[in-house]
Amino acid sequence: MTLHRIITALTLFSALFLASVDAQAHAHLDRADPRVGSQVPKAPSVVTLWFTERLEPAFSGVEVHDASGGRVDTGTATVDRNDPTRMQIGVKALKPGTYKVYWHVMSVDTHKTTGSFTFRVGP
């Protein structure tokens with residue numbers, strides 16, 4: 001193998017390694033309760049989200065909206081001190097219908113991610 005090929009191979013390996021490390025550093029939604037896209041027979045009193053990385057509480061939040069876009073959460077989301085990958089927010093008494101959860105988080109390594117999902121209450 002020539003020196004040029006060795007340098008090219010090492011450069012490619014380094015780029016792939018750094019790209020994979022960066023991709024893993026973002027906090028992505030792991031699961032939620034109610035589950036993403038689920039239909040629940042009884043309205044929950046809280047919506048709980050778990051992420052793949054520890055969250056920075058001061059820069060993370062969640063909102064829950066009804067089908068008309070009105071907020072139905074009780075205000076401020078909290079990140080669990082004992083499990084900093086877990087965030088939850090209380091919700092008002094939900095009527096049957098579809099609800100959309102909007103979240104934004106910053107992992108403790110300062111990477112930001114956002115997302116949303118829906119769940120349905122009722123038969």
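**View 1. Strand S3 and strand S6 (residues 86-90) pair in the antiparallel sense, over 5 bridges.** Helices (H or I, at least four residues) and strands (E, at least two) are DSSP runs, numbered from the N terminus, and two strands count as paired if DSSP finds at least two bridges between them. This is a predicted model, so local features need pLDDT of at least 70 and side-chain atom pairs count only at pLDDT 80 or more, while totals for chains, interfaces and linings use all residues. Residues are numbered from 1 along each chain as its sequence is written, and side-chain values use heavy atoms, with hydrogens and water left out. Look for Val46 here: its bridge partner in S6 is Gly90. S3 covers residues 46-51, and 5 of its 6 residues are buried (under 20% relative accessible area, with exposed over 50% and partly exposed in between; 1.4 Å probe, protein chains only).

**View 2. Zooming out, S3 and S6 belong to an open sheet of 4 strands, in the order S1-S3-S6-S5.** The pairing is antiparallel, and the edge strands are S1 and S5 (78-79), each pairing on one side only. At one edge, S1 (residues 29-33) is joined to S3 by 4 bridges, with Ala32 standing opposite Leu49. At the other, 2 bridges link S5 to S6, and Thr78 has Gln88 as its bridge partner.

**View 3. Leu49 turns up again in the largest nonpolar core, a group of 23 residues.** Such a core is a set of buried Ala, Val, Leu, Ile, Met, Phe, Trp, Tyr and Cys residues joined through side-chain atoms within 4.5 Å. Leu49, Val64 and Phe119 have the most contacts inside it. S3, S4 (61-65), S6, S7 (97-106) and S8 (112-121) each give two or more residues, and S7 supplies the largest share, 4 residues.

**View 4. Here's Phe119 with its contacts (heavy atoms within 4.5 Å).** Leaving aside neighbours within four places in sequence, Phe119 touches Val64, Val47, Leu94, Tyr99 and Pro34, among others. Pro34 sits in the loop between S1 and S2 (39-40), and the peptide bond leading into it from Asp33 is cis, with omega near 5°.

**View 5. Thr110 lies in the loop between S7 and S8.** Its phi is near 75°, a positive value in a residue other than glycine. At 55% relative accessibility, Thr110 counts as exposed.
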